[in-house]
Amino acid sequence: METHTSSFSSLHSYLRALSDTPNRLARRAGSMSTSSEETSRARARSEPTMKRSLRWHDLVGFGIGGMVGAGVFVTSGRASSHCAGPAVVLSYAIAGLCALLSAFCYTEFAVEMPVAGGAFSYIRVTFGEFLAFLTGANLIIDYVLSNAAVARGFTAYLGTALGFSTRTHLRFTIRTLPDGYNEMDLIAVAVIILLTLVICYSTRESSWLNMVLTVVHILFIVFVIVVGFWRGEWKNFTEPANPKNPGGFFPFGVSGVFNGAAMVYLSYIGYDAVSTMAEEVKDPEKNIPIGISGSVVLVTILYCLMAASMSALLPYDMIDPEAPFSGAFKNGSAGWRWVSNIIGVGASFGILTSLLVAMLGQARYMCVIGRSCVVPTWFARVNASTSTPVNASAFLGIFTAVIALFTDLNILLNLVSIGTLFVFYMVANAVIYRRYVNHGTTNPWPTLSFLFCFSLTSLIFTLLWQFTPSGKPKAFMLGSCIVVAIFVVQLFHFMVPQALKPEFWGVPLMPWIPSVSIFLNIFLLGSLDRPSYVRFGVFSGLIVLVYVMYSVHSSFDAEKNGSLGVKECVDTPENVISKV
């Protein structure tokens, strides 16, 4: 058999490969992996395997640590003062429900395919290589940018805890650089490098560190909740400080509650990183459902209690949008101002846990993307002595540290979130497609038509919600969209039988729960601002360019050399589990 020459062996070979790009795109862009390949042959490309050492309590710890960062200390204030008022409690409950439904979709895939690839692997076995690379690369970009933002946030909260000015004491300014990129943050760099060393050393030890930091952080949160209810007044749930402002529990109406849910949903991002630990979990069919769903439920309860205590402390129109808890105590009596320092310490612990979990997740995404040969396979290597993806961890750690060194927090926050919501939307679609389509035996068009029609109906509902003036016509149109959406789901449920039923754990009430998840993710995407979509478009364009110029040729070479294949049929769960 003649060996295929690499597309990158010489300039002539690369130019010849570029001239063949349309044919290669046609062959590779829609090519799908199989569950058995993801759990066996693809894992073998990492050479040493990751050690299965985690149980459900480790996953719950990672989930809580990944979600309960410092973000809740900021987003709760913004959502209350600008969107929902005291009803921000319901905003957190709605956002938590949305997160739980998405978590169910992640759980089904993670149990069936206990690999480190998370959403990338799930979409690759369902919709093919190109969409998997587009969503996975966007997710890694979001991880890197958000981690850089979180690391700089650690410096800010550390300054609050110590009573120092962040700008004058903990950062230094280079005046020759443009504003937003001229405040050097060496503390953020040091934190990222230290955590990179920890996650490179051992996943088990990372779990212990996360568990300790998470317990300490939760103790601080419980303290804030107790003090907030102790010092708070129930009248603050209905009476604004300024009588001219709208009053009641819903000062901004029901729409304000949902707009607040879209804003606070960012506080739940982090549970998806738990699914990337699946390859290192013992008894995944038992531990993964408890770990992922349990962490989302516990975090939702914590968030609702925090929002309620904040609303009890101050009327919504007196809450500081940037520092709602510490601001409430700072502006109170002098005897309670020390609590703001306590909040700074607690938030600092929360930042460390969320940063640790996110850095674990981003490295495992990059590792599995490397296994698929769309990026250099060097990223897929697992270290023999530590059983961790050291190459991916070190590369992304250094990249994150460089960005955190000089980029302003507000600039980073404006770049984050849309990619993650897009991935959640894709995973919800994928779990429906996976259940109802068996390639080679099932016609995929009824399922694809349903997904398109339901997404279109959800998009129309979202556009009407955002841009139509209030009144009876708006209510009628929104109600019509809901009726159409329910009819479409019910029609699909009766007309199209399931082609695959999971053996160990599956999303209940199929296809209703993933359909609701699709709707909620589209609705939340509709609440984001224009710069978010500009960012998503620019980054997606760059990702497509990388795929066309490099990734498709790399995976084509791997297929010709026998490392990758083109999927013809879907494995059964029994075959998959037998190969894990």
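**Notes on the predicted model**

1. R28 is a good place to start: this residue is buried, with a relative accessible area of 1%. Here, buried means under 20% relative accessible area, exposed means over 50%, and partly exposed covers what lies in between, using a 1.4 Å probe and protein chains only. Its partner E559 also counts as buried, at 11% relative accessibility.

2. A word on conventions before going on. This is a predicted model, in which local features need pLDDT of at least 70 and side-chain atom pairs count only at pLDDT 80 or more, while totals for chains, interfaces and linings use all residues. Residues are numbered from 1 along each chain as its sequence is written, and side-chain values use heavy atoms, with hydrogens and water left out.

3. Back to that pair: R28 and E559 form a salt bridge through their side chains, at 3.0 Å from N to O. Since R28 belongs to helix α2 (residues 21–28) and E559 to helix α24, the pair ties together parts that are 531 residues apart in sequence. A salt bridge here is a side-chain nitrogen of Lys or Arg within 4 Å of a carboxyl oxygen of Asp or Glu, and by this rule the count comes to 10.

4. A second bridge worth a look joins R364 and E280, at 2.7 Å from N to O. R364 sits in helix α17 and E280 in the loop between α14 (271–275) and α15 (284–313), so this bridge ties together parts that are 84 residues apart in sequence. Both R364 and E280 are buried. Elsewhere, salt bridges that share partners join R27, R28, E129 and E559 into one network.

5. For a bridge in another setting, try K235 and E233, whose closest N and O atoms are 3.9 Å apart. K235 is partly exposed, at 43% relative accessible area, and E233 is partly exposed too, at 42%.

6. T238 is also worth a visit, in the loop between α12 (203–231) and α13. This residue is partly exposed, with a relative accessible area of 41%. Leaving aside neighbours within four places in sequence, T238 is in contact (heavy atoms within 4.5 Å) with G247, G248 and F249. The C-alpha atoms of T238 and Y316 are separated by 9.1 Å, although the two residues are 78 apart along the chain.

7. On the overall fold, the protein has 25 helices and 2 strands. These are DSSP runs numbered from the N terminus, with helices being H or I over at least four residues and strands being E over at least two. Of the 580 residues, 57% are buried. Among contacts between residues at least 6 apart in sequence, 84% join residues at least 24 apart.

8. How far does the confidence go? The mean pLDDT (the predictor's confidence in each residue, from 0 to 100) is 82, and 86% of the residues reach 70 or more. Confidence is highest in helix α21 (residues 445–467), at a mean of 94, and lowest in helix α25 (residues 573–579), at 38. Over residues 568–580 pLDDT stays under 50, and for this stretch the model has 31 contacts beyond four places in sequence.

9. Next, the empty space. On a 1 Å grid over the protein atoms alone, a cavity is a set of points where a 1.4 Å probe fits but cannot get out, and a pocket is an open set with protein on both sides within 12 Å along at least five of seven lines; lining residues have an atom within 4 Å of a point. Grid points are joined across faces, edges and corners, and a volume is the space filled by probe spheres set on the points.

10. The second largest pocket has a volume of about 460 Å³. Its lining has 18 residues, with A137, I140, I141, M366 and F399 nearest the centre. Helices α9 (129–162), α17 (338–371), α18 (390–406) and α24 (530–560) each supply at least two of the lining residues, and α9 gives the most, with 6. This lining divides into 18 nonpolar residues, no polar and no charged; nonpolar covers Ala, Val, Leu, Ile, Met, Phe, Trp, Tyr, Cys and Pro, charged covers Asp, Glu, Lys and Arg, and the others, Gly among them, are polar.

11. Finally, the whole structure holds 5 cavities of 30 Å³ or more. The largest cavity has a volume of about 50 Å³ and is lined by I94, A95, C98, F258, A261, L520, F523 and L524. Helices α7 (88–112), α13 (253–264) and α23 (512–526) each supply at least two of these residues. The lining of this cavity comes to 8 nonpolar residues, no polar and no charged.
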